[in-house]
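This report is written for someone meeting the structure for the first time. It begins with a single residue and then turns to a helix and to the way the chains meet.

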There are 2 protein chains.
Amino acid sequence: MTEDALIAQIRARLDDVAAERLLVGVGDDAAVWQPRRNQRSVITTDALVEGVHFTRAAMTAGEVGHRALAANLSDVAAMGARPVLATVALGLPPDCEPDWVLALYDGLAALARRGRCAIAGGDITRAPVVVLALTVVGEVRASNLKRRDGARPGDVVALTGPLGASRAGLCVALERTDLADDPAGAAALTAYRTPEPRLREGRWLGASRHVRAMIDTSDGLSTDLARVCLASGVGAIIETLPVAASARAVAARVDADPERWALDGGEDFELLVAIERRAFRHLAARFAAQFGRELLAVGSITEGAGLRLANGEPIPPAGWDHLR
Amino acid sequence: MTEDALIAQIRARLDDVAAERLLVGVGDDAAVWQPRRNQRSVITTDALVEGVHFTRAAMTAGEVGHRALAANLSDVAAMGARPVLATVALGLPPDCEPDWVLALYDGLAALARRGRCAIAGGDITRAPVVVLALTVVGEVRASNLKRRDGARPGDVVALTGPLGASRAGLCVALERTDLADDPAGAAALTAYRTPEPRLREGRWLGASRHVRAMIDTSDGLSTDLARVCLASGVGAIIETLPVAASARAVAARVDADPERWALDGGEDFELLVAIERRAFRHLAARFAAQFGRELLAVGSITEGAGLRLANGEPIPPAGWDHLR
């Protein structure tokens, strides 16, 4: 059973659980509730497991802390919200030294400070491997909340940055440590180990009524765009795939396909948006002025289901399935 | 390093992380923030790890789900709050069948329904053993929030129910399955596997201005009362230790000390409160009328530090340290 199939079954079981004030439940980047009329709170949770998402040999404790929080903050950004606080559930094996744990909290705290997110407590327990489950609460004005189900045929599909660098960094970390000193290899490693959640961009895009759907590219463009399409009852065509320069350079060295990394790699934590076509040019100009980077048009929302490339070739969702 | 010592060091590192709206951070049953002036939100997280907190052989999936949510709801109750929603981070080993996972959600959902707590989404990932990290958000009027630092010398220390049954159930589950059909053994097993968080009692006690401090007995009376005393800068004397009947009966069969189970056992999830002495009798009468059970006086808050028994014997904190 795939993750999405299992989640669909779980969702069916939770449908009738008391949720008068829950506006979005299982299935978006974050769940949404309504603490008061014009305010929405969002909550998201994400777990990192040693041996699945990281190894203590390939990543420092500070990087593990950073990455775990970055993934959650990215989900908050993808709703248009700003983070308020995080909780930390930490499982520690007996061979894990207090210094490692404190360094993990240092990594968490540094990113939390920049994102103005408080660390609000947690739970520490024994576990056979390091397990780090973070939950982040965010807040957003009701009118600025973005979900993944608002895309409409004709919308421009756009990204806050190019993709594939994180996947290239994974390749350097696990298979080609000799490339770690190469500038492209080092850039890819940084993208993989300490990704930057697009918090300011998410709030800015959330505030535009021309942005109709938003998601973060945590599981790969092919998977995450398919989720937007499925939720919105539409399809999409990818016309231009923006590949990170570091991903192109590393791919050339290891004879890999950088387009595939950009399409399926995941964990770049860029924001993927569907924008009303007539507003795109103006919005992209304002985005560039605000952030000094381009809002990259990658394709269009279409009638009907499924993803295709510009040449008509269908794209199967091939990103990260957490249970595969 | 003990859990409390490690938490103290973590806390020191997080002190300066942006937290203008965080009223209580690392160190109480739940963290507290202020979504609006007269309202407080609380958040708590708690993880269950297979092989540490449960085994799939000794506990059904539904019981694992129930227990994990019960522990979190109990923390919300201990702040005087009512639960709003829960998130679920779930790590699954490859040998874990979808049916087991769905049964776990059924256990979660049944308790969530009764507690009027929505299940608001989550994260599913691979892990070497089953890991279940839950986070629950609750809400409470600012004036009804109870912390652990308000106990004053002279206060009555009271419990919402007797202790030791969960520890007795653990003994039946792990060592004496032959007692599972015995009425006392069965009652103890139920207390261990499907503990009932004291949600209504917590909100009721939270609404009384005579209740000065509240905590739940998740880690054992000796440890949890010591936490109240440390946070409040006081000591306490335990005059009457209320031992659950099922704990006495099982202890007699296995030649264990039921008073020790009641003092150090933990996971009974009764609420422990410090109550203004002059108000205790009236409050206890109202509690009994409301809930059909006694609010049990167990001792007094004293000047100075530390816990003692009525005979003057000091009580070292000997409950559950999650890292021991």
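Ala279(A) lies in helix α10 of chain A, which covers residues 277–291. In this predicted model, Ala279(A) has 16 C-beta neighbours inside 10 Å and therefore counts as partly exposed, since a residue is called buried at 20 or more such neighbours and exposed at 12 or fewer. Ala245(A) stands 34 residues away from Ala279(A) along the chain, and the C-alpha atoms of the two are separated by 28 Å.

Helix α5 of chain B, residues 183–193, is largely enclosed by the rest of the structure, because eight of its 11 residues are buried. The buried residues are Ala184(B), Gly185(B), Ala187(B), Ala188(B), Leu189(B), Ala191(B), Tyr192(B) and Arg193(B). These buried residues of α5(B) pack against α2 (61–77), α4 (165–174) and α8 (245–254), which also belong to chain B.

How are the two chains arranged with respect to each other? Chain A is superposed on chain B by a rotation of 180 degrees with 0.0 Å of shift along its axis, at an RMSD of 0.0 Å, and that is the relation of a two-fold axis. Of the interface residues of chain A, 100% are also interface residues in chain B, so the copies meet through the same surface.

Across this interface, 61 residues of chain A are in contact with 61 residues of chain B. The elements of chain A that each supply at least two residues of the side touching chain B are α1 (3–14), β2 (31–36), β3 (39–49), β4 (82–92), α3 (98–115), β5 (118–126) and β6 (131–141). Among these, β5(A) gives the most, with nine residues. By character, the residues on the side of chain A that touches chain B divide into 39 nonpolar, 12 polar and 10 charged.

One helix pair at the interface can be followed in more detail. The axes of α1(A) and of α3(B), residues 98–114, come within 10 Å and cross at roughly 25 degrees; the two helices are therefore roughly parallel to each other, and α1(A) passes α3(B) in a right-handed crossing. The residues that make the contact are set out below.

| Helix | Residues in the contact |
|---|---|
| α1(A) | Leu6(A), Gln9(A), Ile10(A), Arg13(A), Leu14(A) |
| α3(B) | Pro98(B), Val101(B), Leu102(B), Tyr105(B), Asp106(B), Ala109(B) |

Taken together, the residues of the contact of α1(A) with α3(B) divide into eight nonpolar, one polar and two charged.

Note on methods:
Residues numbered from 1 in each chain as written. Chains lettered and ligands numbered in written order. Predicted model: local features only at pLDDT ≥ 70, side-chain atom pairs only at ≥ 80, totals over all residues. Contact = placed C-beta atoms within 7 Å. Helix = DSSP H or I, 4+ residues; strand = E, 2+ residues; numbered from the N terminus. Nonpolar A, V, L, I, M, F, W, Y, C, P; charged D, E, K, R; others polar. Least-squares fit on C-alpha atoms with pLDDT ≥ 70 in both. Axes fitted to C-alpha atoms, helices over the stretch in contact; angles between N-to-C directions. Parallel < 35°, antiparallel > 145°, perpendicular 65-115°, else oblique. Left-handed = near helix turned anticlockwise from the far one by under 90°.
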